[in-house]
Amino acid sequence: MNEEIVQLTLLQSIDHVIDTIDSEIQKEQDALDVKSAELADRESTISTLTEKIENLEKERRTLEVEVADEMVHVKDRQSKMMQVQTGREQTALLKEIEDAKKGVKEKEEKVVAIMEEVEQLTAEIEENKNLFKGETELLVEETEAVKKAIAAINKKKKAQEKKRVAQAKKLKARLLKKYDTLRAHRNGLGVVNVLDGVCQGCFMAIPPQQYNLLLRGDEHFDCPTCQRIMYHEPVEEVEEV
């Protein structure tokens, strides 16, 4: 195999190890982010419930004031019953009193319903606060554990990065730049094998004449479709036992 290809494939192997390490770090961080988001949702739920209780309490206070006013009005109407002079006035006044009492009763029932709802919401808040407290403590512990895990993984990454620097020095600057550019724009794969005339990067067939030249093993070419650097290395067949 062409010496440049040998060095490139070795470099790509190191890069794949580094990519795997980066994925491990991201996986650890993502898991932590999910739990942080869940905790934020819990906190938001508590705020929403608290706000709902505040609005209900405001509505309850308004209703209580209205009930008190209407009771004053009822007493006033009742006191005027002694002053009416006609049956028609008495009937109108009685209706006014009954309507007022009915309104008072409806509002008092609303007040009771609000108090029950507030009691239920308060219990929900208490439950969420307890969960929030426990989850916060757990998140703090897990954050520390993830930091340690990432630090350990980063040690492995630094060792691989050191190997990469040494391996990269074995390549010509122009070829290295081309490879790095391809890796950045071709899903982390800059150099690829060609099997049976098909590029293993984009899985498109290459021209037969180019494939024949690759089979000689002393040259490398760019894939006419994906522009990755191509080489040919036969895949060893595994004998069946």
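The largest pocket of this protein has a volume of about 160 Å³. Keep in mind as you explore that this is a predicted model. From that pocket we can move on to the domains, a small enclosed space and a sheet made of four strands.

**The largest pocket**

- Eight names are worth finding in the viewer: Lys35, Glu38, Leu39, Arg42, Glu135, Leu138, Leu139 and Glu142 line the largest pocket.
- Helix H1 (3-80) and helix H2 (87-168) are the elements that each give two or more residues to this lining.
- What is the mix of residue types in the lining of the largest pocket? Five are charged and three are nonpolar, while no polar residue takes part.

**Two domains**

- The domain assignment divides the protein into domain 1, covering 18-158, and domain 2, covering 173-231.
- How far apart are the C-alpha centres of domain 1 and domain 2? The distance between these centres is 63 Å.

**The cavity**

- The model has one cavity of 30 Å³ or more.
- About 40 Å³ of space lies in the largest cavity.
- Its lining is made up of Met1, Asn2, Ile5, Leu214, Gly217, Glu219, Tyr231 and His232.
- By type, the lining of the largest cavity has four nonpolar residues, three polar ones and one that is charged.

**The zinc ribbon record**

- An unreviewed UniProt entry places the feature "domain: C4-type zinc ribbon" at residues 198-230.
- In the model, the end C-alpha atoms of residues 198-230 lie 10 Å apart.
- Helix accounts for 27% of that span, and strand for 18%.

**The sheet**

- Here is a bit of background: strands of a sheet pair through backbone hydrogen bonds, and they can do so in a parallel or an antiparallel way.
- In this model, four strands form an open sheet with mixed pairing, and their order is S2-S1-S4-S3.
- Which strands sit at the edges of the sheet? They are strand S2 (198-199) and strand S3 (221-222), each of which pairs on one side only.
- S3 is joined by two bridges to strand S4 (residues 229-231), and S3 and S4 run antiparallel.
- To see a bridge for yourself, look for aspartate 222, whose bridge partner in S4 is isoleucine 229.

Terms used: Residues numbered from 1 in each chain as written. Predicted model: local features only at pLDDT ≥ 70, side-chain atom pairs only at ≥ 80, totals over all residues. Heavy atoms only, no water. Domains from an automatic or database assignment. 1 Å grid on protein atoms, 1.4 Å probe; cavity = no way out; pocket = protein on both sides within 12 Å on 5 of 7 lines; lining within 4 Å. Points joined across faces, edges and corners; volume = space filled by probe spheres on them. Nonpolar A, V, L, I, M, F, W, Y, C, P; charged D, E, K, R; others polar. UniProt positions renumbered as here; feature names shortened; annotations may be inferred. Pairing = 2+ DSSP bridges.
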